[in-house]
Amino acid sequence: MFNRENLTMGQQLTVIMLAILALTTLVVGTLTYTMSKDQLMTSTRNRLNRETDVIKEIAANLNFVYISDYDYFYSQLERTIDDQKNTLEQDGLTSYFYYLDNEAETIQPFSTSQNDLIDVTTADISEIQSAKDGTFELTINGAHYLIAKRYLSEIGANYLLLVPESSYLATILTMRSMTVFMSLAGMIVGAILVILFVRNVTGPLRKLREGMERIHTGDFRPLKLNKIHTLEINSLTDSYNFMVKELETIISQLKVSIHDLKASGHHLGRASENMVDQSNKLTETITAVEESAVATHQHTEHSQTIVSAVTISLNMSKQHLTETLNHTAIMNDASLTGKQKLDALIQKLADFKTELISMQKELHDVLNQVNHTYNLTNTIQAISDQTKLLALNASIEASRAGKEGKGFMVVAREISKLAEEAKAITLNMFESMEVTKKMTSSAVTTSDSLVDNHLSHVKTMQETTEAFDSLLEKITQSTSAIHVIEDDFDTLFQHSGNLLNVFEELELIAENNKKHTSVLKNLTAEHEEATQVIYQEGGDILAYATSLQTLIEGFHA
């Protein structure tokens, strides 16, 4: 069975063009033959009609002239018919002349056709009789005739002019033979030209196909045509050469890209490994920050305990001051009772001396506690500085981490901000403790002075009662000083309350730091997972580059 897919393009083009050529030749030859035959048939029919009309007119004229001599009339008619036959033969037409007697139903030849008798059957005669005057075709004994019929009343019969088809179609038949011969010759020449044309077209295409097959082996040589071809073929060849050149360039660039892709894959793998190491270091740093936050929380609780103890001591000192005021009032009352109670007053002053010494000792203890609190504040400031330093290190590590470290960068900034706030609070504590320290030192100095003055007063009272007035004055001064000390204690109570608030805020900061470090740990874990994904993608890129290199190993540029 015919399968077009088994044919080459040249063979398909040859078959198609030969088929078109054969069909065109057949159609043109057939149309030419048919039109020529129809035209000749029409011309011959018209000619025979004219010939029969001429015979009819001549017969009428001869009958009019020789109406009394039928034989002479008939001989003249025979001569006219003989002349008509000669004329037709000169024009290349073979003719036979008969007359049909309708009554006898026989066909008789004129004298000019006595030697050309045609065997006519009864059926043929009946068909001729049934035909009207004019021309018609009839097949007699297998031969085709064109018959012109005209009734001649002068002879009482139908005049018949028979022309065989081989006679009036001789030119057409000759032309048909020549047309067939020329068509065959034209088809042969056309087939040769078609084959040459197809070869001229498919030859470069075959070379293009061979060139495309060479490309699969890495051969990028340009295609050169030895002959001059059409503009389309030359354009196709130029396009092929341009494509080969561009393909060679693309493959060369592709090899360079594969090399760069491999280098990028290796670099991405190393970078991801470094990021994993940095993530581990960042985790260690966050752990250190968390431990520092826990230590800050513990130190804050210890500081709160110390401040509470200082507050309790201050309460006791205030109570002592209250008792001192009471004693001073008693002393003042006792002085007013007179000198008779001076001995009792001296005794009471001696007791007061013991209390003053105890108060002096407590004030010294308060001063020591204030100094200790001051030192603890230094420790808190150092912790704040360390927290700020850790936040700075965390920011640097987040910057190195790039896009994945943006979230960690925000947390590190918040930690740095909290460290700054803690430092500011610590500075405020320094200022408050400095004031408290000065006040406590002043109170200690005043207490020492009060003890010294009291001892002096006791000595003076023991030496002489004349200094009693001076003693009262001193007592009054001492009372005023005690009131000042009481006010200082109130201020100290207020500062201790502020210090407790500061420690509570510091404890809250430590708690926030602890929470932030937990968030940082989660972010670091996510960052490490993302780094693992990047490492995997780097491996995938390297695998893709290797696969792509395998695909183009057959090409060589």
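Thr 491 is found in helix α9, which covers residues 468–551. The model described here is predicted. With a relative accessible area of 24%, Thr 491 is partly exposed. In sequence Thr 491 and Thr 436 are 55 residues apart, while in space their C-alpha atoms are 8.3 Å apart.

Another threonine, Thr 387, lies in helix α7, made up of residues 342–401. Thr 387 has a relative accessible area of 9%. Because burial is assigned under 20%, Thr 387 counts as buried. When residues up to four places away in sequence are not counted, Thr 387 touches Ser 292, Ile 415, Ala 419 and Asn 513.

Charged side chains were examined next. Side chains of opposite charge can pair when their charged atoms come close. The structure holds 5 salt bridges. One of them joins Glu 137 to Arg 45, with 3.2 Å between the closest N and O atoms. Glu 137 belongs to strand β3 (residues 134–140) and Arg 45 to helix α1 (residues 9–65), so this salt bridge ties together parts that are 92 residues apart in sequence. Both residues are in the partly exposed class: Glu 137 has a relative accessibility of 43%, and Arg 45 has a relative accessibility of 24%.

Helix α1 also takes part in a salt bridge between Arg 47 and Asp 91, in which the closest N and O atoms are 2.4 Å apart. Asp 91 is placed in the loop between α2 (70–90) and β1 (96–101), and Arg 47 in helix α1, so the pair ties together parts that are 44 residues apart in sequence. Arg 47 counts as buried, at 18% relative accessibility, whereas Asp 91 counts as partly exposed, at 45%. Salt bridges that share partners join Arg 47 and Asp 91 with Glu 51 in one network.

A further salt bridge is formed by Asp 116 and Lys 85, whose closest N and O atoms are 3.4 Å apart. This pair links distant parts of the chain, 31 residues apart: Asp 116 is in the loop between β2 (106–109) and α3 (122–130), and Lys 85 is in helix α2. Asp 116 is partly exposed, with a relative accessible area of 26%, but Lys 85 is buried, with a relative accessible area of 8%.

Aromatic rings and nonpolar side chains were considered last. The count of aromatic pairs comes to 7. Ring pairs link Tyr 70, Phe 73, Tyr 74, Phe 97, Tyr 99, Phe 110 and Tyr 159 into a cluster. Two members of this cluster, Phe 97 and Tyr 159, also appear among the residues that touch the most other members of the largest nonpolar core. That core has 24 residues, and the others with the most such contacts are Leu 77, Ile 81, Ile 155, Leu 161 and Tyr 168. At least two residues of the core come from each of α1, α2, β4 (143–152) and β5 (157–164). The largest share, 6 residues, is supplied by α1.

Within the core, Ile 81 can serve as an example. Apart from its neighbours within four places in sequence, Ile 81 is in contact with Ile 55, Phe 97, Phe 110, Thr 112 and Tyr 159. Of these contacts, Phe 97, Phe 110 and Tyr 159 belong to the aromatic cluster. A second, separate core holds 15 residues, including Tyr 98, Phe 136, Leu 160 and Leu 162.

Definitions and conventions:
Residues are numbered from 1 along each chain as its sequence is written. This is a predicted model: local features need pLDDT of at least 70, side-chain atom pairs count only at pLDDT 80 or more; totals for chains, interfaces and linings use all residues. Side-chain values use heavy atoms; hydrogens and water are left out. A salt bridge is a side-chain nitrogen of Lys or Arg within 4 Å of a carboxyl oxygen of Asp or Glu. Helices (H or I, at least four residues) and strands (E, at least two) are DSSP runs, numbered from the N terminus. Buried means under 20% relative accessible area, exposed over 50%, partly exposed in between (1.4 Å probe, protein chains only). Contact means heavy atoms within 4.5 Å. Rings of Phe, Tyr and Trp (its six-membered ring) pair if their centres lie within 6.5 Å; planes under 30 degrees apart count as stacked, over 60 as edge-to-face and the rest as tilted. A nonpolar core is a set of buried Ala, Val, Leu, Ile, Met, Phe, Trp, Tyr and Cys residues joined through side-chain atoms within 4.5 Å.
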